[in-house]
Amino acid sequence: QVQLEESGGGLVQAGGSLRLSCAASGSIFSINAMGWYQQAPGKRRDLVATFNSGGSINYADSVKGRFTITRDNAKNTVYLQMNSLKPEDTAVYYCNAEVTTPNHYGMNVWGKGTLVTVSS
């Protein structure tokens with residue numbers, strides 16, 4: 001079984017910064033892709049930033065230049081540094097990973113989410 005644990009959410013004023021972390025644990029052979037999605041109240045879950053299977057990075061247009069995704073492969077962890085936060089960034093942020101285990105190739109896993117609230 002593979003689990004993703006997010007941390008780092010909270011309340012911040014507009015213009016402030018937060019850093020989210022997501023650590024994967026369990027019987028992981030490899031992590032093919034890993035990243036962050038956001039879901040605001042009443043809206044769909046959308047991609048924020050992700051490392052793709054080829055190692056490239058995708059960012060949503062709305063966060064380019066403000067958010068940076070990094071990873072520590074030794075720790076199976078990804079980070080999301082969020083700067084210049086805006087009220088419209090308020091959402092639950094979910095970590096997502098596609099992992100390969102000894103028994104399963106390409107398993108899609110979601111974390112439980114961490115709430116980010118940006119006040120104006």
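Which residues do ring pairs link into a cluster? Tyr37, Tyr94 and Trp110 are joined in this way. The model described here is predicted. Beyond the aromatic cluster, the structure holds one disulfide, and a search of the whole structure finds three salt bridges. Four strands form an open antiparallel sheet in the order β1-β3-β8-β7.

**Aromatic cluster**

- The whole structure yields two aromatic pairs.
- Tyr37 and Trp110 have ring centres 5.1 Å apart and planes at 70 degrees; because an angle over 60 degrees counts as edge-to-face, the pair is classed as edge-to-face.
- This pair links distant parts of the chain, with Tyr37 in strand β4 (residues 30-39) and Trp110 in strand β10 (residues 104-110), 73 residues apart.
- Tyr94 and Trp110 also form an edge-to-face pair, at 6.4 Å centre to centre and with 85 degrees between the planes.
- Here too distant parts of the chain are linked: Tyr94 belongs to strand β9 (residues 91-101) and Trp110 to strand β10, with a separation of 16 residues.
- Trp110 is partly exposed, at a relative accessible area of 36%, whereas Tyr94 is buried at 15% relative accessibility.

**Charges over rings**

- Arg45 lies over the face of Trp110, 4.6 Å from the ring centre, and Trp110 is also a member of the aromatic cluster.
- Arg19 places its charged end over the ring of Tyr79, at 4.1 Å from the centre of that ring.
- Both residues of this second contact also appear in the bridges of the sheet: Arg19 stands opposite Gln81 in β8, and Tyr79 in β8 is the bridge partner of Ser21.

**The four-stranded sheet**

- In the open sheet β1-β3-β8-β7, the pairing is antiparallel.
- Strands β1 (2-7) and β7 (67-72) stand at the edges; each has a single partner strand, so one side of each is left without a neighbour in the sheet.
- From one strand to the next, the twist averages 15 degrees.
- β1 and β3 run antiparallel and are joined by six bridges, and Val2 has Gly26 in β3 as its bridge partner.
- Strand β3 (residues 18-26) pairs with strand β8 (residues 77-82) in the antiparallel sense, over six bridges.

**The β9-β10 hairpin**

- Strands β9 and β10 are joined by a hairpin through two residues.
- Their antiparallel pairing comprises five bridges, and Val99 has Met107 in β10 as its bridge partner.
- The hairpin strands carry two residues of the aromatic cluster, Tyr94 in β9 and Trp110 in β10.

**Disulfide**

- A disulfide is a covalent bond between the sulfur atoms of two cysteines.
- In this model, Cys22 and Cys95 form the bond, with their sulfur atoms 2.0 Å apart.
- The link of Cys22 and Cys95 is left-handed, with -85 degrees about the S-S bond.
- Distant parts of the chain are connected by this pair, as Cys22 lies in strand β3 and Cys95 in strand β9, 73 residues apart.
- Buried means under 20% relative accessible area, so a value of 0% falls in that class; Cys22 has a value of 0%, and Cys95 likewise has 0%.

**Salt bridges**

- Arg66 forms a salt bridge with Asp89, in which the closest N and O atoms are 2.8 Å apart.
- The Arg66-Asp89 pair links distant parts of the chain: Arg66 is in the loop between β6 (57-59) and β7, and Asp89 is in the loop between β8 and β9, 23 residues away.
- Arg66 is buried at 11% relative accessibility, and Asp89 is buried at 3%.
- Arg44 and Asp46 meet through their side chains in a salt bridge with an N to O distance of 2.7 Å.
- Arg44 counts as exposed at 66% relative accessibility, while Asp46 counts as partly exposed at 29%.
- The side chains of Asp61 and Lys64 form a salt bridge at 3.1 Å, N to O, and Asp61 is exposed with a relative accessible area of 65%.

Terms used: Residues numbered from 1 in each chain as written. Predicted model: local features only at pLDDT ≥ 70, side-chain atom pairs only at ≥ 80, totals over all residues. Heavy atoms only, no water. Phe/Tyr/Trp six-rings, centres within 6.5 Å; stacked < 30°, edge-to-face > 60°. Buried < 20%, exposed > 50% of the residue type's maximum accessible area, 1.4 Å probe, protein only. Lys NZ or Arg CZ within 6 Å of the ring centre and 35° of its normal. Pairing = 2+ DSSP bridges. Axes fitted to C-alpha atoms, helices over the stretch in contact; angles between N-to-C directions. Disulfide = S-S within 2.5 Å. Salt bridge = Lys/Arg side-chain N within 4 Å of Asp/Glu carboxyl O.
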